[in-house]
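Biologist: Please show the model, and then let us go through its contacts, cores, aromatic pairs and pocket.

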Amino acid sequence: AAVTAAQGLDYTGTSGTLTFAVSDTTKTFTVTINGDSLNELTETFTATLSSPTNATLGTTFAITESISDDGDTAPTFSFSAAPYELFEGNSGTTAVTITANLDRLSGQNIVLTYSTSDGAAAPTCPTGITQGATVSGSDYSSATGQLTYTAGTDISKTFTVNVTGDTTVEPNECLILNLSATSGTTVNSTATSQLVIKNDDN
């Protein structure tokens, strides 16, 4: 029976009858463990004896077995672009979709925290950017939150950053996109990219 391991995925369930002849004191059965390349926590299942005939159950009629990960590589996370770019527009806000990827599936849930911060000139922002985008300057709205990648399923998640349009003639500006690992095992603990807001006024 499954505990934290998934029957059919991590191991193959089995059931049956063990018959002891008069001279027998030991019998065995086999549980097949299924291999994979996912970075996982230790998982468990139980094996249970029941319904004896001409015998009684001892105190160890149920045991818990562990399946340990064998050192599979944890995922690395990153932004899908560096930098992202858009024209700011003349009014209102434009929602920019930002994508954060894992380079491989994970065998455990991964949670990443994302945030934005004001930019500055190179090297924080790309070469040629001389002015940082700022929240106080109404260039964009700050964004923060978490992205959850489900074990064995998710490899890509998105969030949005709202950029404010204006009719001011100004240099191209940049803000910083940040990712940090909150839970789950990953190769890196942080990642960054930039969002360049391109001037479209003259």
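Modeller: Contact here means heavy atoms within 4.5 Å. This is a predicted model, so to speak of local features requires pLDDT of at least 70 and side-chain atom pairs count only at pLDDT 80 or more, while totals for chains, interfaces and linings use all residues. Residues are numbered from 1 along each chain as its sequence is written, and side-chain values use heavy atoms, with hydrogens and water left out.

Biologist: Which residues does L177 touch, not counting residues up to four places away in sequence?

Modeller: With those neighbours set aside, the contacts of L177 include F79, Y84, I98 and V161. The others are S115, T116, A191, T192, S193, Q194 and L195.

Biologist: Which strand gives the most to the largest nonpolar core?

Modeller: A nonpolar core is a set of buried Ala, Val, Leu, Ile, Met, Phe, Trp, Tyr and Cys residues joined through side-chain atoms within 4.5 Å; buried means under 20% relative accessible area, exposed over 50%, partly exposed in between (1.4 Å probe, protein chains only). The largest core has 25 residues, and I98, V161, L177, L179 and L195 touch the most other members. Strands (DSSP runs of E, at least two residues, numbered from the N terminus) that each supply at least two residues of this core include β8 (110-118), β11 (156-164) and β12 (173-183). The most, 4 residues, comes from β7.

Biologist: How many aromatic pairs does a search of the whole structure find?

Modeller: Rings of Phe, Tyr and Trp (its six-membered ring) pair if their centres lie within 6.5 Å; planes under 30 degrees apart count as stacked, over 60 as edge-to-face and the rest as tilted. By that rule, the number of aromatic pairs in the whole structure is 2.

Biologist: Where do Y114 and F159 lie, and what does their pair tie together?

Modeller: Y114 and F159 are stacked, at 4.0 Å centre to centre and 10° between the planes. Y114 counts as buried at 13% relative accessibility, and F159 does at 4%. Y114 is in strand β8 and F159 in strand β11, so the pair ties together parts 45 residues apart in sequence.

Biologist: Which strand gives the most to the lining of the largest pocket?

Modeller: On a 1 Å grid over the protein atoms alone, a pocket is an open set of points where a 1.4 Å probe fits, with protein on both sides within 12 Å along at least five of seven lines; lining residues have an atom within 4 Å of a point. The largest pocket is lined by 36 residues. Strands β1 (11-12), β3 (43-48) and β4 (62-67) each supply at least two of them. With 4 residues, the largest contribution is that of β3.
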